[in-house]
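Colleague: Could you walk me through the charged pairs in this protein and the reasoning behind each label?

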Amino acid sequence: MNESTASMGMMILWMVVIFGVMYFLMIRPQKKEQKRLQAMLNSMEVGDSIVTTGGFYGVVIDMTEEDVIVEFGNNKNCRIPMRKQAIAEVEKAEQASA
């Protein structure tokens with residue numbers, strides 16, 4: 001084994017180590033957060049209080065597979081359809097009343 005083969009092996013080893021560190025510091029936490037967000041959206045029901053990604057507070061009054069209709073404020077006529085992906089937080093109806 002000559003010196004160039006050994007240095008090539010060390011360079012490949014360092015590339016693998018750097019990729020492993022990047023995976024655990026960047027990719028894994030992002031996938032974990034995506035799973036948490038998807039679970040939160042799947043458990044959402046009519047009557048739950050939500051916060052949108054824009055910071056608006058509302059209550060879910062109707063749902064489809066991709067969309068929800070949210071009622072904002074005390075005005076019962078302010079109902080806006082939006083994508084489920086635009087929801088940042090969900091508070092279950094039981095928790096909101098307690």
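Modeller: Happy to; here are a few labels and the reasons for them. This is a predicted model, where local features need pLDDT of at least 70 and side-chain atom pairs count only at pLDDT 80 or more, while totals for chains, interfaces and linings use all residues. Residues are numbered from 1 along each chain as its sequence is written, and side-chain values use heavy atoms, with hydrogens and water left out.

Colleague: Why does Asp-48 count as buried?

Modeller: Buried means under 20% relative accessible area, exposed over 50%, and partly exposed in between (1.4 Å probe, protein chains only). Asp-48 has 1% relative accessibility, so the label is buried.

Colleague: What makes Lys-92 and Glu-45 a salt bridge?

Modeller: A salt bridge is a side-chain nitrogen of Lys or Arg within 4 Å of a carboxyl oxygen of Asp or Glu. For Lys-92 and Glu-45, the closest N and O atoms are 4.0 Å apart. Lys-92 sits in the loop between strand S5 (87-91) and helix H2 (93-97) and Glu-45 in the loop between H1 and S1, so the pair ties together parts that are 47 residues apart in sequence. Helices (H or I, at least four residues) and strands (E, at least two) are DSSP runs, numbered from the N terminus.

Colleague: Which residues are linked with Lys-92 in a network of salt bridges?

Modeller: Glu-45 and Asp-48 are linked with Lys-92 in that network.

Colleague: Why is Arg-36 called partly exposed?

Modeller: Its relative accessible area is 43%, so Arg-36 is partly exposed. The Arg-36 side chain meets that of Glu-33 in a salt bridge at 2.6 Å, N to O.
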